[in-house]
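I opened the file to look up the overall build, one run of paired strands and the surroundings of two ligands. These are my notes, in the order in which I checked things.

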Amino acid sequence: MLLLSSNSITSTFLLFIFFFNFSSVFSTYTETCSGIVPFRQRGDTVSITDFGGIGDGKTLNTKAFREAIYRIRHLKRRGGTLLYVPPGVYLTESFNVTSHMTLYLAAGAVIKATQRYSNWPLIAPLPSYGRGRELPGGRYISFIHGDGVRDVIITGENGTIDGQGDVWWNMWRQRTLQFTRPNLVEFINSENIIISNVIFKNSPFWNIHPVYCSNVVVRYVTILAPRDSPNTDGIDPDSSSNVCIEDSYISTGDDLVAVKSGWDEYGISYGRPSYGITIRRLTGSSPFAGIAIGSETSGGVENILAEHINLFNMGVGIHIKTNIGRGGFIKNITVSNVYIENARQGIKIAGDVGDHPDENFDPNALPVVKGITVKNVWGVKVLQAGLIHGLRDSPFTEICFYDINFHGVTGPRSPPWKCSDVFGFSHQVSPWPCSQLSSQQPGSCTNYS
Ligand SMILES: *[C@@H]1O[C@H](CO)[C@@H](O)[C@H](O)[C@H]1NC(C)=O
Ligand SMILES: *[C@@H]1O[C@H](CO)[C@@H](O)[C@H](O)[C@H]1NC(C)=O
Ligand SMILES: *[C@@H]1O[C@H](CO)[C@@H](O)[C@H](O)[C@H]1NC(C)=O
């Protein structure tokens, strides 16, 4: 709470604590979705030092990590194995995790990615993207990678996974990248994954990327990257279902959480939606969005709940973004109990965001955006309340706004709300919203509330 410098902000903050934490004063039960993946204690433990690991920050530990995980995979101990990483700085190249393992970082343990990227392995593009997200062709494997695994836990006493991303950010800035940058942690086609009590630092690209996964819990994580680091999204559930993100702090150079499901014609033909995702008690800061859906949503995104979200020094608070050629749908999204302090825009829902993988996208593939509920939002120093731009041939419908207050809307020469090709309903929204947001009967909004 270092951000609170003046008394007026402090009192607003106290008001907000009162406003949002009132119920918790009277109940000791904290709502959680984390029960979707049981937290397993492992019967068997090995330490990275048993495999020659040296935490001096200089020795390359690739062999130690790969051998330890090879042993876990092949010995198949009942109940799985915990790989203990003691305090120290363990420099390593990328490695793959295996099923039924816990990667445990002790307090003061750092797993640090090498900055020698010349032989960083490449893997195939995701079928739902057709190519690397940044550049055509394959992509660099994530620093920590899991493909087709189940029952994997990454946890500990808030040790750090450090991507040392600046060499990658500089290649991006200088346009010398050859392929799409590595994610820090990626799980593909995996299930029953828990990531908790870990600090993620300086990811080369997106931080945590579960793709084609189900039953994923991310809790009590801290994700940090400089504000000017390119594309360092916090958590991007992608074509994944039953994902629970809770009690985390994220401050990076891009969207804090962005729910995705594939890119244009590749995402449409792969056809795998993201659904059943809860984002709860998240705090953070970013020049881009706090809670984002998109822009890659070609497989569809539905049944998303984000609540108790605190955002400071933001580009956009809540950003739903898609494009012509995306196809897919964005349906039944609820965002509630949001505090936003200092943002360019409170809410943005737009059909003209993001680029295309190639020229073969279908201009007739229009996304459907329907059933977006935003309620109980309190914003201070928000320059523009909202920008809602639907598509002429696919207007956004059932856009429902309740109990939204944006203060300090100064809107340089522009109205606080700008809307087009949108139908919705609003109640107790201040500043007063555009007429399109009162164009529907309230009944059309209760289906999704
Ligand atoms: C890690 O997994 C990827 C994708 O499954 C695979 O291509 C690669 O060979 C694996 N690397 C190692 C060192 O086993
Ligand atoms: C680790 O960090 C989480 C989230 O910030 C915090 O709730 C927890 O108490 C910390 N745990 C330890 C062992 O320091
Ligand atoms: C909408 O999504 C919520 C989760 O946010 C889910 O509980 C609810 O059943 C969904 N409603 C419909 C009509 O699918």
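The entries below go from the whole chain to its strands and then to the ligands.

Entry 1, ground rules. I am working with a predicted model, in which local features need pLDDT of at least 70 and side-chain atom pairs count only at pLDDT 80 or more, while totals for chains, interfaces and linings use all residues. Residues are numbered from 1 along each chain as its sequence is written, and chains are lettered from A and ligands numbered from 1 in the order in which they are written.

Entry 2, overall build. I counted five helices and 25 strands in the protein, taking helices (H or I, at least four residues) and strands (E, at least two) as DSSP runs numbered from the N terminus. The radius of gyration, taken over C-alpha atoms, is 22 Å, close to the 22 Å that the globule rule (2.2 Å times the number of residues to the power 0.38) gives for 449 residues, so the protein is as compact as a globular protein of that length. Along the principal axes, the C-alpha atoms fill a box of roughly 65 × 55 × 40 Å.

Entry 3, burial. I found that buried residues make up 52% of the 449 residues, where buried means that 20 or more other C-beta atoms, placed from the backbone, lie within 10 Å of the residue's own.

Entry 4, strand S22. Of the 22 residues of S22 (residues 368–389), 16 are buried, so this strand is largely enclosed by the rest of the structure. I then listed its partners, with pairing defined as at least two bridges found by DSSP between two strands.
- S21 runs parallel to S22 and is joined to it by 17 bridges; Glu-341 stands opposite Val-380 in S22.
- S23 (residues 396–406) is parallel to S22, with eight bridges between them, and Val-374 stands opposite Phe-401 in S23.
- S24 (residues 417–420) is also joined to S22 in parallel, by four bridges, and His-389 stands opposite Ser-420 in S24.

Entry 5, ligand 3. Which residues surround ligand 3? I find Asn-303, Ile-304, Leu-305, Asn-332 and Thr-334, a residue being near if its C-beta atom, placed from the backbone, lies within 6 Å. Strands S20 (301–321) and S21 (329–350) each supply at least two residues of this shell, and S20 gives the largest share, three residues.

Entry 6, ligand 2. Around ligand 2 I noted Glu-157, Asn-158, Asn-197, Tyr-220 and Thr-222.

Note on methods: A residue is buried if 20 or more other C-beta atoms lie within 10 Å of its own, exposed if 12 or fewer, and partly exposed in between; C-beta atoms are placed from the backbone.
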